[in-house]
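Trainee: I'd like to go through the empty spaces in this model and the ligand with you. Can we take them one by one?

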Amino acid sequence: MSPASFPGRYPASRLRRTRRHAWLRRLVEETRLTSGDLIWPLFVHEAEGPVEVGSLPGVWRLSIDGVVDAAAEARSLGIPAVAIFPVVPAERKTPDAAAAVDADNLVCRCIRGIRQKHGDTIGIICDVALDPYTSHGHDGLLANGEVLNDATVAVLARQAVVLAEAGCHVVAPSDMMDGRVGAIRTALDEAGRSDVAILSYAAKYASAFYGPFRDAVGSAAALDTAGDLGVADKKTYQMNPSNTDEALREVALDLAEGADMVMVKPAGSSLDVIHRVKTSFGVPTFAYQVSGEYAMLQAAAAAGMLDLEAAMLESLVAIRRAGADAVLSYFAPAAARLLAEG
Ligand code: PBG
């Protein structure tokens, strides 16, 4: 058989031809990662100076001024938005998460600080969830050994309005209560904030990879006490990592309730879910490369087991390739710097 009769086959076809030169590899590149695809999660605390998070090397809890400066850095790196997470002092956490709806709480003061300095030139995204504020570390209110759904949703809707009124551009319900997106949309609209967008953590798994985040915001210690109240983990509201059909139902419901963008989390262990969500719905689909994913790569690199820069960019481009339009990642500034260097 001559090669001509099988034009699609070796030896006429040699896929290595387009891998031969760097310029050609660039031309045939299918997925591109840019700084414009990244969202930088930041931790704000009440203290003055920065404090590194032990389980997240290179990630710091910052003062409000520190976050305002980080937002400037994000802007200069071409990162479109930051996601702000408050570290609430233990003495301000209560069973009813009262501080979550206090218009002068830490995250609201931080939002106002960013808006004052940067206006609308950088996006501000905030979680809607009660876990930073509950003394038991759960994302909802507890009673009789149960995380209450509807009572929690009522508080979340108020929390979203408080965040919007402080100047948050995008509220991101990360609690996984049923019906919260619709309640938040209604509450925002009734408060005259139809301009504020909802990024729902639609498919959020009960994952072991959130450990370092819970250290960072201090909800790990709080959650340690939750077992005594009858709810030791988040498996009655966050999804079972075995399921993907259920993820699609979550996304469908959140979209029907008014979500503008949906999120899958964690990212690296859910690439199939990201792909199904994007291909099934064709809506803006974000993914969160969570704290444990970041910590694993940092730890392996620190042990001399892999090249951090290469692994960082590969992990992010893989999330984009799966179908994510944007990625929340603690690597955002480092990756943006590398991308700028080419
Ligand atoms: C809280 C929240 C969590 C994360 C984002 N928002 C933790 C959790 O659900 O326990 C995790 C982010 C990360 O691990 O980087 N609702």
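Mentor: Sure, and keep in mind that this is a predicted model. Let's start with the second largest pocket, which 21 residues line.

Trainee: Which residues lie nearest the centre of that second largest pocket?

Mentor: The pocket has a volume of about 370 Å³. Helices and strands that each supply at least two lining residues include β1 (38–44), β3 (56–62) and α2 (64–77), and α10 (291–302), α11 and α12 are also among them. Nearest the centre you'll find Trp40, Gly58, Tyr330, Pro333 and Ala334.

Trainee: How many nonpolar residues are in its lining?

Mentor: Take the other classes before that one. Two lining residues of the second largest pocket are polar and three are charged. The nonpolar count is 16.

Trainee: Now the largest pocket: which elements give two or more residues to its lining?

Mentor: That pocket has a volume of about 700 Å³. It is lined by 17 residues, with Arg25, Glu29, Thr31, Arg32 and Val317 nearest its centre. The elements that give two or more residues are α1 (22–27), α11 (308–322) and α12 (332–341).

Trainee: And how many of the residues lining the largest pocket are charged?

Mentor: Seven of them are nonpolar and three are polar. The charged ones number seven.

Trainee: On to the closed spaces: what volume does the largest cavity have, and where does the ligand sit?

Mentor: Searching the whole structure turns up three cavities of 30 Å³ or more. The largest one has a volume of about 140 Å³. Asp131, Lys204, Tyr210, Phe213 and Lys265 are the closest to its centre among the 17 lining residues, and β9 (197–204) and α6 (211–217) each give two or more residues to that lining. As for the ligand, it sits in the largest cavity.

Trainee: Which residues are closest to the ligand?

Mentor: The shell around the ligand holds seven nonpolar, three polar and seven charged residues. Of the 17 residues that surround the ligand, the closest are Lys204, Arg214, Lys265, Ser291 and Tyr330.

Trainee: What percentage of the ligand's accessible area does the protein cover?

Mentor: Look at the polar side-chain atoms beside it first. One from Asp127 lies 2.8 Å from a ligand nitrogen, one from Lys265 lies 3.4 Å from a ligand nitrogen, and one from Lys234 lies 2.7 Å from a ligand oxygen. On its own the ligand has 400 Å² of accessible area, and the share covered by the protein is 100%.

Terms used. Residues numbered from 1 in each chain as written. Predicted model: local features only at pLDDT ≥ 70, side-chain atom pairs only at ≥ 80, totals over all residues. Heavy atoms only, no water. Near = heavy atom within 4 Å. Polar contact = N/O pair within 3.5 Å; in protein donor to acceptor, adjacent residues only side chain to side chain. Areas by Shrake-Rupley, 256 points an atom, 1.4 Å probe, with all protein chains shown as cover. 1 Å grid on protein atoms, 1.4 Å probe; cavity = no way out; pocket = protein on both sides within 12 Å on 5 of 7 lines; lining within 4 Å. Sits in = over half its atoms within 2 Å of the grid points. Nonpolar A, V, L, I, M, F, W, Y, C, P; charged D, E, K, R; others polar. Points joined across faces, edges and corners; volume = space filled by probe spheres on them. Helix = DSSP H or I, 4+ residues; strand = E, 2+ residues; numbered from the N terminus.
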